[in-house]
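Grab a pencil and work through the exercises below with the structure open beside you. Try each task before you read its solution.

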Amino acid sequence: MYYSSADSVLVKENGDYFDFPFQGGFNAPQFNAIDLNYDNIMDLVIYERSGGKVYTYLNGGTANQVDYTYAPQYEGAFPEVSDWMFARDYNCDGQMDLITGVRGSSVRVYENVGSLANGLSFTYVGVIQSLYPNGSVPLPINPGGANLPGIVDMNNDGDMDLIFFDSNGSQMQLHKNLSVERTGICGLDFEVRSECWGDFTEAGFNSTVYLDSCRFGDRVPNPESDKGGSVRNLDIQKTTSGSRISKHAGSSVSPIDLGTIGGMDLVIGDIGGNNLTALYNDDSIAPFINSHITSLDSTFPVYNTPVDLPVFPAAFFLDVNNDQKEDMIVTTNSNGYLARSYYNNNVLYYENVGSSQHVFNYRQNNFLQGEVIDLGRGAYPAFFDYNNDGLMDMLVGNDGYLDTASNEMIGQLALFQNIGTPTMPEFDLIDRDFGGLSNIPLDLSTNAPQRYLIPALGDLDGDGDMDLLIGDDDGRVHYFIDSSSTGNSAAFELSEASFQGLNVFDQAAPALIDINQDNLLDLVIGNALGILEYHQNLGNSSTPIFNLEVQSIIWQYDSIIRYQLRDDPNLSVFSPGDTLDINEALFGDNNVFQIVAAVNDAQNYLDLIHPFRRNALDDEATSTAVIDYSEKNWGGVRLPNYFNGDRNAAPFLYRNNQNELNMIIGSQKGYLYFFNQIDSNLTGNFNLYDSTYTGRNYGASAAVYGADLNQDTNIDLAVGNEAGGLQLLFGSTSTSLVDLGKSGTDKELPIKLFPNPTKGLVNLLIEEEIRGTYDLRIYDLSGKKVWEERGLNQRSYQFIPNLKPALYMVEVAGDEMRSTTKLLIKP
């Protein structure tokens, strides 16, 4: 199968179209300026900490305007990142290099070795080392995985320094870059020059800052900016030594000269707070070795709209509106495991309106976030025809949104109605809480709503419409029936929470399909361990049975216990000697593995051999027990075996045009695993055909679902990720599309158009060498040619077609090449 990004598919909400709907979402983005296409205009690269994904945007450069266009063709040039990433010119060659953090390990440097002719490219340089006090050899710098360090030129000598909180999380440690001083050129020669830069400390369990409070003599031979470990105004601060030096989990450090005197100030955020604190430095004399924080703003910017963002805010300074002044973007540095935060409307844009100094005015809380589908934390898609119009609609569950009252994540279902045509989908996000799951207490232990909601759809009760199973964070599965009248839009109603006692214990990801082709939908459930369970449907067309529900447990003789069952399951699949797992019985002694002694399908019971019961003391005349007969570790699938540390198996199963059962599994690492040859091997180990199916990484907690969205008989894919975003791919058997299958490479289409959608200007990029000339033509969907330019020979070409808003086909045709792609012109 071949796949291409379905960038031409429109998506709107409340009448407004998303500019880049399938970009992928934001939770904890980190913003950096870099020239991606070497046109001397600073573009934008965003590292999404929650999911480990890089996003790239080209800057159109329009003065005094935010003018970014999503340009994913540059993302493949960036290395894998685990915690944070900064674009900094470490060698002063005029090109932004990359400085990245590796949790609990080191700081890595990648040099920008690209060019206009060869494109964007980075090469690994090495790990940054620094000479520590009383040390004889430099050691790797480790700011800590939770921290976000400051990486700027702190003393205005031309090379970058590093500054971050020490291992106690209370005092600022300065690693000065001495490359220029020692060699005259920029490099990576670091030495600790202060263990309490600025002469302040931060409290251990909150974001309180104490000025003039360094408590200890400095081990640095020639200390800079810590006043020799002096203690000033300690009585005024009224705090104990212990409260100041207790270790806290993490801080963000953003150096910037907020005033006009030349010394670097700091803007810091803390995992224990919602606000930013600005720390003002009174050092005005180069080489700025006497930095001293003399005042602070604990609700920065106090003069405008103070930042109030739970939790762990971080500030990024860059010019986003092309006015030659650094603006401020504030997001959370929490990826969800450090602490919970908002996962939508959490990218704050403050425009710099100052002249001689920085003055930040609040503008919006969803910078770029409002241009993409962003469903909070997590996105788990499924397709079904919600309104019976013959078009596949999309239902997407999520891990949740933060409920600030309870500080808990609450999951929801988002409904995207397909308002397009049979051959071109278009979606309208009509409900972010479809079915009201944010108010349904699916968590039976707390009587509260659940999180990590993963939907699976199928007609389980035989009434001709789709019913709904929802997996949750605790590993349970809940059953909703469609209670609407025939032909009406779906209206799901909870039929049974914790359906039939199904429990995979952590993050249940259900999938419904007829595995054994007996005309009944079976159930496959992935879980957080990265394995699968197969529950064969032992019921009938109107009553699904995936676990056996027990009516009574009665001792018979010796160690034989009779389990009388509810409903009417097909017991013919069991044989003496089979091992079954009993759960949720009233008496704990019954919750053990037992061996089948006899099967009576006619009278609906199983006689089991108990490992130690020999009497009727633990009989249950009315039982709550369930018998789990599922096949554990189905297919031998175990994601950690394929990629070290991978987990969170989210399966999608389908039958191809040859009626062969295939399976794609999304994973925590962001890759898709493709399995085939399943039908002939249902009780064995499945064939892993490709461990990087489609050749892309979609970000952490990838979840995949497919359907034929354009009636070409091929399965198209929607892939969600931890950042709450979606990516949509069209499937095809045509080799004119990129092969994102077995090859594992991510080759793009021979031609690429951007921005796409556009309101006017279009850039054409031909990503292969061309010979001779080519013609550029545009056709409407009726096949009529509406625009043409002939005799072109540029690999990169700009044009304005001046066509009315609609979807078009663009053709590039020459003597040795021909390729087509779609172009969407917006109003």
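**Exercise 1. Which residue of S32 is the bridge partner of Val396?**

Solution. Keep in mind that you're looking at a predicted model.
- Step 1: Go to Val396 and look across to S32; the bridge partner there is Ala414.
- Step 2: Now look at the two strands as a whole. S29 pairs with S32 over 4 bridges, and the sense is antiparallel.
- Step 3: S32 has another partner, strand S33 (residues 426-431), again antiparallel and again with 4 bridges. Here Gln417 stands opposite Asp428 in S33.

**Exercise 2. Place S32 in its sheet: what is the order of the 6 strands?**

Solution.
- Step 1: The sheet is open, its pairing is mixed, and the order reads S3-S2-S33-S32-S29-S28.
- Step 2: Check the ends. Strand S3 (16-17) and strand S28 (380-384) are the edge strands; each has a single partner strand, so one side of each has no neighbour in the sheet.
- Step 3: Zoom in on the S28 end. S28 and strand S29 (residues 393-397) are joined antiparallel by 5 bridges, and Phe384 has Asp393 in S29 as its bridge partner.

What holds such strands side by side? Strands of a sheet pair through backbone hydrogen bonds, and they can do so parallel or antiparallel.

**Exercise 3. Are the two faces of S32 covered or open?**

Solution.
- Step 1: Use the cut-off: a residue is buried when its relative accessible area is under 20%.
- Step 2: Take one face, with Leu413, Leu415 and Gln417, and then the other, with Ala414, Phe416 and Asn418; these residues are all buried, and both faces are covered.
- Step 3: Draw the conclusion. With 6 of its 6 residues buried, strand S32 (residues 413-418) is largely enclosed by the rest of the structure.

**Exercise 4. Find the largest nonpolar core: which residues have the most contacts inside it?**

Solution.
- Step 1: This core has 58 residues, and the ones with the most contacts inside it are Phe383, Phe416, Ile664 and Leu728.
- Step 2: Pick Ile664 and skip its neighbours within four places in sequence. The residues in contact with Ile664 then include Ala650, Phe652, Leu672, Tyr693, Val704 and Leu717.
- Step 3: Look for another core. A second one, separate from the largest, has 33 residues, among them Phe86, Phe190, Phe316 and Tyr349.

There's a general pattern to keep in mind: in soluble globular proteins, nonpolar side chains tend to be buried together.

**Exercise 5. Describe the sheet of 4 strands: which strands are at its edges?**

Solution.
- Step 1: Write down the order, S24-S25-S26-S27; this sheet is open and its pairing is antiparallel.
- Step 2: Strand S24 (313-318) and strand S27 (360-364) each pair on one side only, which makes them the edge strands.
- Step 3: Add the twist: on average, neighbouring strands here are turned by 30° against each other, direction ignored.
- Step 4: Check a pair inside the order. Strand S25 (residues 327-332) and strand S26 (residues 348-352) run antiparallel and are joined by 3 bridges; Met328 has Tyr350 in S26 as its bridge partner.

**Exercise 6. How do the rings of Phe300 and Phe360 meet?**

Solution.
- Step 1: You need two values here: a pair of aromatic rings is described by the distance of the centres and the angle of the planes.
- Step 2: For Phe300 and Phe360 these are 6.3 Å centre to centre and 75° between the planes, which makes the pair edge-to-face.
- Step 3: Ask what the pair links. Phe300 is in strand S23 (residues 293-300) and Phe360 in strand S27, so the pair ties together parts 60 residues apart in sequence.
- Step 4: Check the surroundings: both Phe300 and Phe360 are buried.

**Exercise 7. Hunt for unusual backbone: what kind of peptide bond joins Phe300 and Pro301?**

Solution.
- Step 1: The bond is cis, with omega at about -10°, and Pro301 sits in the loop between S23 and S24.
- Step 2: Another cis bond runs from Asn756 to Pro757, where omega is near 15°.
- Step 3: Turn to phi. Asn519 isn't a glycine, yet its phi is positive, near 70°. Asn519 is in the loop between strand S38 (509-513) and strand S39 (522-526), and it is exposed, with a relative accessible area of 73%.

Why note these spots? Most residues other than glycine have a negative phi, and most peptide bonds are trans.

Key
Residues numbered from 1 in each chain as written. Predicted model: local features only at pLDDT ≥ 70, side-chain atom pairs only at ≥ 80, totals over all residues. Heavy atoms only, no water. Pairing = 2+ DSSP bridges. Axes fitted to C-alpha atoms, helices over the stretch in contact; angles between N-to-C directions. Core = buried A, V, L, I, M, F, W, Y, C linked by side-chain atoms within 4.5 Å. Buried < 20%, exposed > 50% of the residue type's maximum accessible area, 1.4 Å probe, protein only. Contact = heavy atoms within 4.5 Å. Phe/Tyr/Trp six-rings, centres within 6.5 Å; stacked < 30°, edge-to-face > 60°.
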